[in-house]
Amino acid sequence: MKSFRKELWFNTRNRREFINITRQVEECVRESGIKEGLVLVNAMHITASVFINDDESGLHSDFERWLERLAPEKPYEQYAHNGFEDNADAHLKRQIMGREVVVAITDGKLDFGPWEQIFYGEFDGKRRKRVLVKIIGE
Ligand code: ZN
């Protein structure tokens, strides 16, 4: 069995952003040379997510509004976590949107369903943060 590991780095301009990382994950699969296997993609921070959904801007603004209703950023003092930080909402948003995805690799390609794309979801950005890509197979 072969294995491959790579970190992808992000530094968003805004506190919250969704970034399509599908091409970067495909590049990792190519680089790994693995034709049959699994790729795990996970956020390495507890205020960011990796998830799969449609690359459609209306849906992304729906996610933003839905998450703000569930866990509004402000007022900061509404959260017990915000004693020394202001990112309690980001922890909660990440919990809902998920930590990681696993995608099958078939014949050297990501074996997606219709419209599936991989996204990095940032909820406490403006600093360097990482995503881990781990691929196993042969
Ligand atoms: Zn925190």
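Which residues is K93 in contact with, leaving aside its neighbours within four places in sequence? In this predicted model, the residues that K93 touches under that condition are R16, S49, L67, E68, A71, P72, E73 and F123. K93 itself has its place in helix 3, and with a relative accessibility of 1% it counts as buried, because buried means under 20%. The report below begins with the protein as a whole, then comes back to helix 3, and ends with the zinc site and some details of the backbone.

## The chain as a whole

The secondary structure of the protein comes to three helices and eight strands, and a reader who follows the sequence from its start meets them in the pattern β-β-α-β-β-α-α-β-β-β-β. Along its principal axes, the C-alpha trace of the protein spans about 50 × 30 × 20 Å. The protein has 138 residues, of which 42% count as buried. Among the contacts in the protein with a separation of 6 or more, 82% are accounted for by residues that lie 24 or more positions apart.

Two residues in strands serve as examples of such pairings along the chain. F4 is found in strand 1, which covers residues 2-10, and at 14% relative accessibility F4 counts as buried. Although F4 and V133 are 129 residues apart in sequence, their C-alpha atoms are 8.0 Å apart in space. Not counting residues up to four places away in sequence, F4 touches C28, E31, S32, V133, K134 and I135.

L40, in turn, belongs to strand 3, which covers residues 37-43, and its relative accessibility of 26% makes L40 partly exposed. When residues up to four places away in sequence are not counted, L40 touches E100, V101, V102, L132, V133 and K134. L40 and Y120 are 80 residues apart in sequence, and from C-alpha to C-alpha they are 13 Å apart in space.

## Helix 3 and its surroundings

Why can helix 3 be described as largely enclosed by the rest of the structure? The description holds because seven of its ten residues are buried, namely A88, D89, A90, H91, K93, R94 and M97. What covers these buried residues includes strand 4 (48-53) and helix 2.

Two packed helices are described by the angle between their axes and the distance between the axes. Helix 2 (residues 57-70) and helix 3 (residues 88-97) pack at an angle of about 120 degrees, and their axes are 10 Å apart. That angle makes helix 2 oblique to helix 3, and the crossing of helix 2 and helix 3 is right-handed. On the side of helix 2, the residues that meet helix 3 are F63, W66, L67, E68 and L70, while their partners in helix 3 are D89, K93, I96 and M97. K93 thus appears again here, and L67 and E68 of helix 2 are also among the residues listed for K93 at the start.

## The zinc site

The zinc ion is coordinated by H81 and H91 through their NE2 atoms, by E85 through OE and by N87 through OD1, at 2.1 to 2.3 Å. In sequence, these donor residues are spaced H-x3-E-x1-N-x3-H. H91 is also one of the buried residues of helix 3.

Is the relative accessible area of N87 that of a buried or an exposed residue? N87 is buried, with a relative accessible area of 3%, whereas E85 is partly exposed, with a relative accessible area of 37%. The angles among the four donor atoms run from 77 to 157 degrees, and the site of the zinc ion is irregular. The reason is that four donors count as tetrahedral only if all angles lie between 85 and 135 degrees, and the angles found here do not fit that range.

## Details of the backbone

Three residues have a positive phi, and the table sets them side by side.| Residue | Phi | Place |
|---|---|---|
| G98 | about 100 degrees | just after helix 3 |
| D107 | near 55 degrees | loop between strand 5 (100-106) and strand 6 (109-110) |
| W115 | about 70 degrees | loop between strand 6 and strand 7 (117-122) |

D107 is a residue other than glycine, and at 61% relative accessibility D107 counts as exposed. W115 is likewise not a glycine, and its relative accessibility of 70% makes W115 exposed. A further detail concerns the peptide bond that joins K74 and P75, which is cis, with omega about 0 degrees. P75 has its place in the loop between helix 2 and helix 3.

Notes: Residues numbered from 1 in each chain as written. Predicted model: local features only at pLDDT ≥ 70, side-chain atom pairs only at ≥ 80, totals over all residues. Heavy atoms only, no water. Donors = N, O, S within 2.8 Å, 3.2 Å for Na, K, Ca; no water. Tetrahedral: all angles 85-135°; square planar, octahedral: opposite > 155°, others 65-115°. Buried < 20%, exposed > 50% of the residue type's maximum accessible area, 1.4 Å probe, protein only. Axes fitted to C-alpha atoms, helices over the stretch in contact; angles between N-to-C directions. Helix = DSSP H or I, 4+ residues; strand = E, 2+ residues; numbered from the N terminus. Parallel < 35°, antiparallel > 145°, perpendicular 65-115°, else oblique. Left-handed = near helix turned anticlockwise from the far one by under 90°. Contact = heavy atoms within 4.5 Å.
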